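Thanks for making time this morning; I would like to walk you through one protein chain, residue by residue in a few places and then as a whole. Please have the structure open while I talk.

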Amino acid sequence: MTRKRKKKSGKNKISNLTNTILSILKKERNKTFNYKQIAAIIGVNDASSRNQIIKTLAKLTAKQEIEQVDRGKFKAVVTAEYHTGILDLASKGNGYIISDDFEEDVFIASNNINKALDGDEVEFYAYKRRKRGKIEGEITNILKRAKTEYVGTIQIQQNRNFAFVVADSSKMYKDIFVPINKTKKAEDGDKVLVALTDWPEKADSPYGKVLEVLGKPGEHNTEIHAILAEYGLPHEFPYEVKKFANDLDISITEDEISKRRDMRKDLTFTIDPKDAKDFDDALSFKVLENGLYEIGIHIADVSHYVQPGTVLDDEAYERATSIYLVDRVVPMLPERLSNGACSLRPHEEKYTFSAVFQMNDKCEIKNQWFGRTVTYSDARFAYEEAQAIIENNPKFTLTSRASVSGDDSVAEALEATIPKEVSLTGKEYNTKPEIAEAVMVLDRLAKKMRSKRMRSGAISFDKVEVKFNLDEEANPVGVFFKTSKDANKLIEEFMLLANRKVSEFVGKQNPKKTFVYRVHDEPDEAKLVQLQTVVGRFGHKLNFKDRNSIASSLNKLLSDVVGKKEQNLVDTLTIRTMAKAEYTTHNIGHYGLAFDYYSHFTSPIRRYPDVMAHRLLQHYLDGGKSANEEVYEEKCKHSSNMEYLATKAERDSIKYMQIRFMQDHQDEEFLGVISGVTDWGIYVEIESNKCEGMVSVRDMKDDTYDFDQSYYAMVGRNTNKMYQLGDEVIVKVKDTDLVKKHLDFYLVGKPE
C-alpha cells in the first residue's frame, strides 16, 4: 500500500509578503534594505521566513518592481511622481487629498488610505482612474499627523488585559487599542481622552494610552469637557500660570500714570452684553471748542501685564483666544486679569491703549492719536440700555450741547429713561444728560460710517445667533435669538474705526513695517454660482458683473430675506461663499468690510493677535525698527488655527445644547425648512428654534426616493413627489444622541 504524502504545513508562510515588501521599500524609497532588515521590520526571524523574503526579493527584482543597487541591498523602483497634500476623510472610509499640484481633489479609496487619518499631511502618487477619467491616488507615506488625541468611549475587555476606545468622531475609522495598564483606571463605558502612541505595521488598530477620564457619557460636564478635549483645547489654567497672575502688581501708580496720557476726566463709558464680565473696550466723548467731536476708543492695556517671556504670555499665546461655549467661557487670560485688572469696570481707573479721533459731523477725521492712556469709566451699559436711550429719544437735538453749556434746566430735560425691563439693576432710572447726548451723537455718527462702508462695497452679515436660557443645572429651558440693533452697531462701527486706522497707520509707513493684519479674500466665483442656483429657487438674483455689483447684490439678498422662512438658510449659504478671514503679516485688505487695511486691536483680553498688535504699535510709536516678519507670520498661523478650533468647539456646544433641548420635545410636530439634501437623506432646520436634524432616506416610507443633485432634491420614483432645498416640511423627533451629537427626525410631510 502506498503511503500518503504528508502535506507541508503552511503555518510558516508569510501572508501578503509581496505587498508588504513593496510597501516597506516604497515608504522609505530613498533607502536600501537587505533581507535581514525587512525580516526585522516584519517581525520574523526563523529560517523559513527569511528564505521566503529572499525568494520574493528575487521575483520582484526580475519583474523590475524593485532594484538591487548593491549586493543584497534593494530599493523601490520609482515609476510614479509623488505629491503631498492634506487628507480629507469621509465617514465611510474613503477620502480626498487636497493638493496644490492638482486643481481637483484626488480621490483615495479606503484600501489605499494606508493608516492615514483625517487632516494628515501625506505623500501620495496619483493615476487616472479608468471610470470617468477622475484622478485617483494611493497614500505612500504619512508626513505629519493632524492630531494624535481623540475623545471616545472605552470598552474594557473582561478577563483580558486590554481595552478599546471607540472614538466619537465619525472620521476616526479604527478603534484604538489600549493596554490595561494604560487605561488610567477608567471604567467600562467611561468617556476618555486617548493619545495615539504607535501603529505597528502588522496591527489592524492604532495603539494608545488614556490621558484623562472625562466622566460618564451624556452627563453635561462630561460632554462639555469632551468637546474641548476633542479639539485639544484647555478647560483650566496650570497652577504656575494662576500663581503668576495672582502675584502681579495690578495697582495704578503715579509713576506709571506719568508715562501715559491722562484721560480720566473725559466722559467715558462701556456698552457690552448684559452678562459680560470682561470689558475690553470703552468710549470717551467730548465736544471741542472748535466744534469737532473728540472720540476715544479705549482698549484694555493687556500688554502692560502680559509680558513676553513669561509663563502668562506663553499660556496666552498657546490658547490664542477665549472660547465661548453655551454655558461657560474658557478665557485666554486668568480671571484676575480678564475680569479684574484688565476689565474696564465702572468707577475704576484702568491702564488703557487708546485710539483718539477728532472728527466733524460728516465723520471726516481731522486728527488722530494712538498711545497708552489711563482712563476712568463713568458708567456701564448693557446693549439693551443703550438701545433704550437711542429709541426713547427720537427728537433729541444737539443744539443745546447740555454737557458743554452747563445749562442745568436744559440738561435735566435731556435725561434718558432706562425702563426696568432692560435695566441691569431691574429698576427704572434716568441717565446723566451728558451720557444721553454722547450716546445719541455716537449713534448718529456710527450710522453715517456704516452707510459709507456699505456704499464702498462692505457686506452686511446680520446672521441670527441662537442663544439658550439655562437653569441652574445648565439645562436648556428656552431658546431665543440674538439680533444686532443700533446699540450693537454703534460699538461695532467705532471698533472697526480703531482697527482700521491702527493698521492703516502702520501699514502706510515707509520703509515697510511688519504688522498683524486681519485679511479676507474675495469670494470664490464657483461658490457664488452655486449660491445663485439655490437662492434662485426663492426668486432672488445675484449680479456678478464686478466686485461692487457682487457686494451690492449680496447685501440686497441678505436684506430681502430678513424675516422670511429662508433667511437662516440663505444667511448660512452666503457666509459659506466667503473666503475665511485669517491673521497674516501679508496685507491683502478685507473684502467683507471693504477696507484696504484692517487688523484686530480692540479685544486683547480674548484674542492674542490684538496683544501682538498692541506691542507692535507701541514699538513703532517708540521709533523701533520693523519686527521679524517670519516670527510674526508663524504666530499669525497659530492664532488662525486656534480660532478655527475654538469656532468648531463653540458650534459643537450649540449643537449639543440643541439636542438636549429637543429631548424634551419628542412628541411635538415642528415646522422646518429643508436646509440640505444628500443621497442619504434630507436635513431640516426647525424655524422656531433653528435646531437642525436629519431625515434618513430609509425613513421616507411613502415611496422610494432618489437624490437629484441638479435640483437639490429627493424625488419619489412612483409619485414624483419632490422634497427640495428650501421647502417647508413638518417633522417630529425620532432620536437624540448627545454623545454623537446627532438629531434625527421623522418626516410627517409638507404643511397644507
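**Lysine 350 and its surroundings**

Let me start with lysine 350, which, once its neighbours within four places in sequence are set aside, is in contact with Ile252, Gly340, Ala341, Ser343, Leu344, Arg345, Thr373, Val374 and Thr375, where contact means heavy atoms within 4.5 Å. Before going further I should say that this is a predicted model, in which local features need pLDDT of at least 70 and side-chain atom pairs count only at pLDDT 80 or more, while totals for chains, interfaces and linings use all residues. Residues are numbered from 1 along each chain as its sequence is written, and side-chain values use heavy atoms, with hydrogens and water left out.

Lysine 350 sits in strand S19, residues 349–359; helices (H or I, at least four residues) and strands (E, at least two) are DSSP runs, numbered from the N terminus. Why does lysine 350 count as buried? Because its relative accessible area is 6%, and buried means under 20%, exposed over 50% and partly exposed in between, with a 1.4 Å probe and protein chains only. Between the C-alpha atoms of lysine 350 and serine 15, which are 335 residues apart along the chain, there are 72 Å.

Now compare two residues in loops. Lysine 202 lies in the loop between S11 and strand S12 (207–215), and it counts as exposed because its relative accessibility is 67%. Outside its neighbours within four places in sequence, lysine 202 is in contact with Ile42 and Lys115; isoleucine 42 is 160 residues away in sequence, yet the C-alpha atoms of the two are 7.5 Å apart in space. Aspartate 664, in the loop between helix H19 (629–663) and strand S28 (669–678), is also exposed, because its relative accessibility is 60%. Aspartate 664 and isoleucine 180 are separated by 484 residues in sequence and by 39 Å in space, C-alpha to C-alpha.

Strand S28 comes up again when we turn to helix H17, residues 567–577, which is mostly covered, with eight of its 11 residues buried. Those buried residues are Gln567, Asn568, Leu569, Val570, Asp571, Leu573, Thr574 and Thr577, and what covers them includes helix H15 (525–535), helix H16 (547–560), S28 and strand S29 (681–686).

Next, a pocket. The second largest pocket is lined by 36 residues, and Ser23, Lys27, Asn114, Lys115 and Glu201 lie nearest its centre. The elements giving two or more residues to that lining are helix H1 (17–27), strand S7 (135–144) and strand S11 (191–198), with H1 giving the most, at six residues.

Finally, the chain as a whole. There are 19 helices and 35 strands in the protein chain, and its C-alpha atoms fill a box of roughly 130 × 70 × 55 Å, taken along the principal axes. Of its 752 residues, 50% are buried. Among the contacts with a separation of 6 or more, 64% come from residues 24 or more positions apart.

Conventions. 1 Å grid on protein atoms, 1.4 Å probe; cavity = no way out; pocket = protein on both sides within 12 Å on 5 of 7 lines; lining within 4 Å.
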